[in-house]
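Q: I've got a model open and want a quick tour. Can you take my questions as they come?

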Amino acid sequence: MPALQTNSSKSPAAGTFDVVVVGAGFAGMYMLHRLRGSGLSVRVYEQGGDVGGTWYWNRYPGARCDVESMQYSYSFSDELQQEWDWSERYAPQPEILKYANHVADRFDLRTDIQLNTRVDRAVFDESASRWSVTTSDGNTVTAQFVILATGCLSNARMPDIKGLADFKGKVYHTGHWPHQPVDFTGLRVGVIGTGSSGIQSVPVIAEQASHLTVFQRTANFSIPARNAALTPEEREEFRSNYPEIRRFAREEARNGIYTDMPDRGALDDGDNERRARYESRWTRGGLTFMSVYNDLALDRAANDTAADFVREKIAEIVKDHEIAKLLQPNSHPIGTKRICIDSDYFAAFNRPNVTLVDIKADPIEEILPNGVRAGGKDYEVDALVLATGFDAMTGSVAKIELCGRDGQTLNQKWAEGPRTYLGLMSAGFPNLFLITGPGSPSVLSNMIVSIEQHVDWIADCIGYMRERDLDAMEAGKDAEDSWVAHVNEVAHGTLYPQANSWYMGANIPGKPQIFMPYIGGVGVYRQICNDVAAKGYEGFTMTATERPKMAASS
Ligand code: N01
């Protein structure tokens, strides 16, 4: 029985809402808060057993934030940001989940969130300008608006490897980790995948397991997190400077993170100066390594200088020369796959109980009942950890049957890749909003900054429509075509499309390969969205439904 929690702020007719929100992660929770504040009736459906979205599911060992927690946190409530104490520079998953729960309680959100309930289908009724939403508990409700807060990295992808179903030990996916603690003590463990999840979990699993075998298909660039406990003084410094930090992150930063802006290209400096700058960022740690110069994402020669620096660092850390070579990424420019932030990942390969297997050279042939066969060799393992990633950005949306105008489904429309106007709406699907959808900066940014921007824009937009008695809003086809072309053009002016990344859909066999997020930067993007709104939602059409005239009462 789903944890049905009723008592909407308004009392709509049973099963009738102003807005249905899909997902109770950081996006869904803030969306609910904003809409309720405007007096709308809202029902949030969440398929998980509690709030938190990606932080509810990703409980693997070592899971933590890769944006500093003082910045990877809501800014909409000054009281909240002043009172919440982050314990570490990069909070671990349990603490982020605790924060999500705190927000749900503090703003009394749970009353409108129905947990353990998946949205399976939503159909737009053109005559009424309303969506009919069917959930996994067999109920159907209607709402004027549906907002997809389904998350970009919430659809864990099981790899299609022969024999996996017959493996005798336990199989864990990092993106769908059990809620009970998993103890690998004394076990031989295999980790498949060396993206952010694999790179975060390897050092922690290595400490527990009797032996850890890491199966690497693509070596990845990773920068040390330099995680540490936050002192009260450090927290206070953020808190007292929050107005400027948040403003900068929203309006000026490309990626929604407060940091010093690069004012020069990598080749503007001589070797010594450049090396000193890289050293200083390496010592500082974290994602801002990539903002040391302003052309690392644009110029291959500039990028090579940063990539070479990281490759050298790997060679310095890893004692075995052959293993170091295997760990040095060579298949893509640095940063064009999401850069990883680690705590002692490369050093883990100096441990006697850790083995690296190069499955690019010797691909996995099959999973055996008690191990993995790769390159004709058998590696015995008692447990398998699949750190194989997600059907990113579109995967969770694709699981819902969304029927728009003329019965067309969103999956049909997006068969050749996602098409949106501003990442917010897709033509043919009126009153359906996406939060941090493809075509918006989304995963290229501090997600909470992008979430808050979308939520505010959508809430303001719905407010605008209600003030004018408008019932339906839809992205125009021409506006959408131009935006898709712009997103592509900007992406192809960078090095990003050179990597087989999940940004491109390249990790899913058969998925159309187009660069999904908008790479123009969060500040630029925010301004575009604000301008569109200021011009009466330029590029969108807004209409009122003919209502039957009421007889005047005497
Ligand atoms: O997934 P990934 P992830 N056989 O897709 C390999 C965010 N995140 O869960 O590169 C063998 O990056 C695959 O190999 P290849 C963050 O945005 C954030 O690690 O395709 N290997 C790759 O090595 C991140 O980017 C944090 O050749 C297979 C790995 O599995 C995003 O989530 C923490 C395979 C998948 O890497 C995704 O990260 C964690 C197969 N059949 C994640 N299939 C934070 O710190 C796939 N691979 C906040």
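A: Below are short answers on the sheet, the ligand and some single residues.

A: Ground rules: this is a predicted model, where local features need pLDDT of at least 70, side-chain atom pairs count only at pLDDT 80 or more, and totals for chains, interfaces and linings use all residues. Residues are numbered from 1 along each chain as its sequence is written, and side-chain values use heavy atoms, with hydrogens and water left out.

Q: What is the strand order in the open sheet of five strands?
A: The order is β7-β16-β8-β9-β12, with parallel pairing. Two strands pair if DSSP finds at least two bridges between them. Strands are DSSP runs of E, at least two residues; helices are runs of H or I, at least four; numbering starts from the N terminus.

Q: Which strands stand at the edges?
A: β7 (170–173) and β12 (354–358). Each has a single partner strand, so one side of each lacks a neighbour in the sheet. The twist averages 20° from one strand to the next.

Q: How many bridges join β7 to β16?
A: Four, and the two strands run parallel. β16 covers residues 383–386. His173 stands opposite Leu386 in β16.

Q: Which strands does helix α5 lie across?
A: Helix α5 (residues 196–208) lies across β8 (188–192), β9 (211–216), β12 and β16. It runs at about 155° to β9. That angle is between N-to-C directions, on a scale from 0 to 180 degrees, with axes fitted to C-alpha atoms and helices fitted over the stretch in contact (heavy atoms within 4.5 Å).

Q: Switching to the ligand. How many residues surround it?
A: 25, and the closest are Thr194, Ser197, Arg217, Thr218 and Lys337. A residue belongs here if one of its heavy atoms lies within 4 Å of the molecule. α5 gives the most to the shell, with three residues.

Q: What are the polar contacts of the ligand with Ser196, Arg217 and Lys337?
A: The cut-off is a pair of N or O atoms within 3.5 Å; within protein, one must be able to donate a hydrogen and the other to accept it, and residues adjacent in sequence count only if both atoms are side-chain atoms. A polar backbone atom of Ser196 is 3.0 Å from a ligand oxygen. For Arg217, an N or O atom in the side chain is 2.9 Å from a ligand oxygen. A polar side-chain atom of Lys337 is 2.8 Å from a ligand oxygen. The protein covers 88% of the 910 Å² of accessible area that the ligand has on its own. Areas come from the Shrake-Rupley method with a 1.4 Å probe; for residues, only the protein chains shown count as cover.

Q: Is Arg281 buried or exposed?
A: Arg281 is buried, with a relative accessible area of 6%. Buried means under 20%, exposed over 50%, partly exposed in between (1.4 Å probe, protein chains only). Arg281 sits in helix α8 (residues 271–284). Not counting residues up to four places away in sequence, Arg281 touches Thr259, Asp260, Thr288, Phe289, Ser291 and Val292.

Q: And what about Asn303, buried or exposed?
A: Buried, at 0% relative accessible area. Asn303 is in helix α9 (residues 300–317).

Q: What is phi of Ser129?
A: Near 55°, a positive value in a residue other than glycine. Ser129 lies in the loop between β4 (119–125) and β5 (130–135). It counts as buried at 6% relative accessibility.
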